[in-house]
Amino acid sequence: MKIVFIGTVDFSYQALKALIINGFDIVGVITKKKSDFNADFCDLIPLTEKYHIPTFFRKKDNENELISFLKEKNPDVIYCFGWSHILPAEILSIPKYGVVGFHPAELPNNRGRHPLIWAIFLGLKRTASTFFIMDEGADTGDIISQEIVTIEESDTAATLYKKITEAAVKQIISFSKEFELKGNDIERRKQDITAGNSWRKRGRIDGQIDFRMTSEAIYNLVRALTHPYVGAHLILSDEKEVKIWKVIKKSCNFANCEPGKVLDVKDNKILVKTYDGAIQIVEHEFSELPRKGQYL
């Protein structure tokens, strides 16, 4: 079975490496040399060079060349894992078994953008690693593999990313073997496109901490946006932005204090009143620590 692989993030690297190690025939790779868009961008070239895999670099203006590359490789299946662009419809019909896409959510729920970030921020207790046959919709194709992944309260963007990756790599090897045995007769589960929901694209304002939020909401926001993502942030009175990478929820005996008041500053840690308690800022990028009694 001939596979063309498309991807450009750390998950893509782990998936491609697993396929190669398990002996699957990767006849081509489509990737990027760099990406300012993907916080988890990963260079696939060390793998493609080591294993002598033909590689095509996607650019804004070379779609026709990309399609020619795919037709020349004549793949049985295309795997598109870790790619933030909608593929041209023409590509979907090139491989015999279709194009397999990936979405780290429990489809048909939570289609759309930033699934790991939204799942953590919203305090969900579970998500999923889902693979599907791509159609012209967004995350709407027939599901071929889905594994539930538990989200612990201590999980961050990085730890959940790792959990999803570990589950997904096992799934990829499993359904790749099924493709070899069954081809287009691989088991599929049709999605109800009227069911579920779609998450919107995040904006900068979505990462801003407002101490009128609950302690739980602030905690979830920070752990959702920490490394490898962009980080949550504060906007100070002088309009300066300060990144916040880790916080701890704290009980508070200052129920009569307003949200945003700095209750204590000690050992580079800042205790701040929230709507319903307090948050201790543990990892941050303050160039100058705020004073006790100051408002953030």
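This briefing describes the sheet, the helix packing and the pockets of the structure above. The model is a predicted one. An open sheet of seven strands with mixed pairing is described first, followed by helix α3, which lies across four strands, β1, β2, β3 and β4. The contact between helices α1 and α6 is then set out, and the two largest pockets, of about 1,300 Å³ and about 320 Å³, close the account.

**Sheet**

- The strands of the open sheet follow the order β3-β2-β1-β4-β5-β7-β8, and their pairing is mixed.
- Strands β3 (55–57) and β8 (143–150) form the edges; each has a single partner strand, so one side of each is left without a neighbour in the sheet.
- From one strand to the next, the twist averages 15°.
- Within this order, β4 (residues 77–80) pairs with β5 (residues 99–103) in the parallel sense, over three bridges.
- Tyr 79 stands opposite Val 100, a residue of β5.

**Helix packing**

- Helix α3 (residues 63–73) lies across β1 (2–6), β2 (25–31), β3 and β4, and runs at about 175° to β2.
- Helix α1 (residues 10–21) and helix α6 (residues 157–182) have axes that come within 10 Å and cross at roughly 35°.
- The crossing of α1 past α6 is right-handed.
- On the α1 side, the contact is made by Asp 10, Phe 11, Gln 14, Ala 15, Ala 18 and Leu 19.
- These meet Tyr 161, Thr 165, Ala 168, Val 169, Ile 172, Ile 173 and Ser 176 in α6.
- By class, the residues of this contact comprise nine nonpolar, three polar and one charged.

**Largest pocket**

- The largest pocket holds about 1,300 Å³ of space.
- Its lining consists of 47 residues, and Trp 83, Ser 84, Arg 113, His 114 and Pro 115 lie nearest its centre.
- Elements giving two or more residues to this lining are α4 (89–92), β5, α5 (115–121), α6 and β11 (241–250).
- The lining of the largest pocket divides into 23 nonpolar, 14 polar and ten charged residues.
- Strand β5 thus appears both in the pairing with β4 and in the lining of the largest pocket, while helix α6 contributes to that lining and meets α1.

**Second largest pocket**

- The volume of the second largest pocket is about 320 Å³.
- It is lined by 17 residues, of which Leu 236, Asp 238, Phe 286, Glu 288 and Gln 294 are the closest to its centre.
- Eight nonpolar, three polar and six charged residues make up the lining of the second largest pocket.

How values were computed. Residues are numbered from 1 along each chain as its sequence is written. This is a predicted model: local features need pLDDT of at least 70, side-chain atom pairs count only at pLDDT 80 or more; totals for chains, interfaces and linings use all residues. Side-chain values use heavy atoms; hydrogens and water are left out. Two strands pair if DSSP finds at least two bridges between them. Axes are lines fitted to C-alpha atoms, for helices over the stretch in contact, and angles run from 0 to 180 degrees between N-to-C directions. Contact means heavy atoms within 4.5 Å. A crossing is left-handed if the near helix is turned anticlockwise from the far one by less than a right angle, and right-handed if clockwise. Ala, Val, Leu, Ile, Met, Phe, Trp, Tyr, Cys and Pro count as nonpolar, Asp, Glu, Lys and Arg as charged, and the others, Gly among them, as polar. On a 1 Å grid over the protein atoms alone, a cavity is a set of points where a 1.4 Å probe fits but cannot get out, and a pocket is an open set with protein on both sides within 12 Å along at least five of seven lines; lining residues have an atom within 4 Å of a point. Grid points are joined across faces, edges and corners, and a volume is the space filled by probe spheres set on the points.
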